[in-house]
Amino acid sequence: MTISATEIVPDAETGGLRLAGKPIHPLWLRERVTEPESYDHHNHQRLYEHSELKEDLAIKTVALGSNSQSLKIEFSDGYKAVFDLNALAKELGMTDNPESIPLPKSWDSGLKFKRFSWNDLEDPAEMKALLKAYFENAFCIMDDTPIDRDSLKAHAKRFGFLRETNFGEIFNVETKPNPSDLAYTDVALASHTDNPYREPVPGIQYLHCLRNEVAGGLSTLVDGMAVAEAIGDENPDWLDILETIPVRFRYEGPSGVYESVGPLISRDHRGYISHIRFSSRVDFVPALDPSVLDLFYSARRRMHKLSNDLAFQIQFPFKPGTLLMMNNYRLFHGRTAFDGALGYRHLQGCYIDHDGPQALYRALAVGRTETYLPRET
Ligand SMILES: [Fe+2]
């Protein structure tokens with residue numbers, strides 16, 4: 001409990017309150033009413049439209065509940081409500097909120113990370129640890145997963161709903177000796193992010209190894225947040241133009257023509273780097289003034305260079321049963337070359353949205369023990 005009686009002060013000027021020195025608008029407080037006639041405790045939704053509240057609503061009286069854990073308020077329209085002070089303190093950031101998603105931490109090639117065993121994830125604490133690692137690093141690696149063909153669907157559904165794309169619910173990255181199709185190639189893949197031409201861009205990518213008989217073909221990951229920070233340190237104008245110029249990404253295929261427009265680097269409402277769009281074969285910058293494009297091309301070249309720089313990169317091999325989960329909005333990924341004539345290499349991939357692992361983390365954080373996301377019925 002962080003808000004004491006002396007820290008609850010009516011604010012005559014605004015008609016609101018001060019809680020531990022923080023000014024609180026009367027409507028802000030009113031919208032947090034949880035009285036049963038105003039709030040459905042089953043679906044956690046309000047039972048009224050907020051525009052029905054009086055615009056000039058004020059707080060008439062304030063009293064601390066007898067247990068000092070609650071706040072009794074009477075509003076100027078005569079409505080009375082009791083608030084949970086702990087819940088208010090949590091939302092106001094005055095106490096820790098266990099549901100808060102762990103913050104991202106930028107990393108480079110020196111990153112030490114734990115690999116998780118699929119068999120341990122029935123333990124809610126282990127699943128929560130995996131999710132924490134995922135939110136901080138934007139990836140996690142699981143070993144010992146079942147390797148039946150298409151079992152990836154069930155693995156990914158543990159974390160969220162499958163996001164089907166123009167490549168289907170699941171796509172195959174398969175290399176055979178004497179390939180009959182150029183799709184089955186063994187060339188290196190430079191750092192990129194997937195499907196920047198989709199709207200919205202798929203959030204989380206899974207890659208699941210079913211079979212691997214070749215040396216090389218290491219998976220590569222680079223933290224886009226670290227690259228963006230390095231570019232900004234080197235030349236703030238570069239970072240600024242990469243965050244500013246809207247670039248069109250386009251894909252033409254049998255399923256249609258897909259386009260999406262956005263800067264190569266975006267931030268979220270808190271200022272964290274939240275979306276890297278980088279796919280150097282499908283991006284089209286507008287025909288801006290050549291002096292502007294001079295700066296843009298320099299910055300993009302630097303982004304390409306750093307995203308393929310070993311100082312920022314981690315590499316790891318795929319073995320059967322390895323499952324990689326990565327944030328396609330934050331990480332660049334790629335692959336080193338290998339000799340496809342040496343044998344089979346078969347990965348399967350799919351996508352889910354960002355909110356699945358977040359929902360699972362919040363459930364585990366408040367003591368729910370299901371390590372699978374339940375489905376609504
Ligand atoms: Fe990719």
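Helix α5 (residues 224–234) and helix α7 (residues 290–307) pack at an angle of about 130°, and their axes are 10 Å apart. This is a predicted model, where local features need pLDDT of at least 70, side-chain atom pairs count only at pLDDT 80 or more, and totals for chains, interfaces and linings use all residues. Residues are numbered from 1 along each chain as its sequence is written, and side-chain values use heavy atoms, with hydrogens and water left out.

A few words on the terms. Helices (H or I, at least four residues) and strands (E, at least two) are DSSP runs, numbered from the N terminus. An axis is a line fitted to C-alpha atoms, for helices over the stretch in contact, and angles run from 0 to 180 degrees between N-to-C directions.

So what do we call the arrangement of α5 and α7? The two helices are oblique to each other. (Angles under 35 degrees count as roughly parallel, over 145 as roughly antiparallel, 65 to 115 as roughly perpendicular, and the rest as oblique.) The α5/α7 crossing is right-handed; that word applies if the near helix is turned clockwise from the far one by less than a right angle, and left-handed if anticlockwise. On the α5 side, the contact is made by Val227, Ala230, Ile231 and Glu234, and on the α7 side by Arg302, Met303, Leu306 and Ser307. Contact here means heavy atoms within 4.5 Å. Sorted by class, the α5 contact with α7 has five nonpolar, one polar and two charged residues. (Ala, Val, Leu, Ile, Met, Phe, Trp, Tyr, Cys and Pro count as nonpolar, Asp, Glu, Lys and Arg as charged, and the others, Gly among them, as polar.)

Now for another helix pair. The axes of α3 (residues 124–137) and α8 (residues 355–365) come within 10 Å and cross at roughly 135°. That makes α3 oblique to α8. The crossing of α3 past α8 is left-handed. From α3, the contact takes in Pro124, Met127, Lys128, Leu131, Lys132 and Phe135, and from α8 it takes in Pro357, Gln358, Leu360, Tyr361, Leu364 and Ala365. Nine nonpolar, one polar and two charged residues make up this contact of α3 with α8.

Next, the metal. Which residues hold the iron ion as protein donors? They are His192 (NE2), Asp194 (OD) and His333 (NE2), at 2.1 to 2.2 Å from the iron ion. Donors are N, O and S atoms within 2.8 Å of the metal (3.2 Å for Na, K and Ca), and water is not among the atoms, so sites may look incomplete. Along the chain, the donors of the iron ion follow the spacing H-x1-D-x138-H.

Are His192 and Asp194 buried or exposed? His192 counts as buried at 18% relative accessibility, and Asp194 is buried too, with a relative accessible area of 11%. (Buried means under 20% relative accessible area, exposed over 50%, and partly exposed in between, with a 1.4 Å probe and protein chains only.) His192 also turns up in the contacts of Ser279: leaving aside neighbours within four places in sequence, Ser279 is in contact with His192, Thr193, Pro196 and Phe249.

Ser279 sits in a loop, and so do a few other residues picked out here:

| Residue | Loop between | Relative accessible area |
|---|---|---|
| Gly15 | β1 (8–11) and β2 (16–19) | 13%, buried |
| Gly78 | β7 (70–75) and β8 (80–84) | 40%, partly exposed |
| Ser279 | β18 (273–276) and β19 (283–284) | 16%, buried |
| Pro320 | β20 (313–316) and β21 (323–327) | 42%, partly exposed |

Let's see what sits around these loop residues. Gly15 and Ala58 are 43 residues apart in sequence and 4.5 Å apart in space, C-alpha to C-alpha. Not counting residues up to four places away in sequence, Gly15 touches Pro26, Ala58 and Ile59. With the same kind of neighbours left out, Pro320 touches Ile147, Cys209, Leu210, Arg211 and Asn212. Pro320 and Ser70 are 250 residues apart along the chain, and their C-alpha atoms are separated by 55 Å. For Gly78 and Arg46, 32 residues apart along the chain, the C-alpha separation is 19 Å.

Finally, the whole chain. How many helices and strands are there in the chain? There are eight helices and 23 strands. The C-alpha atoms fill a box of roughly 80 × 55 × 40 Å, taken along the principal axes. Of the 377 residues in the chain, 46% are buried. Among contacts between residues at least 6 apart in sequence, 74% join residues at least 24 apart.
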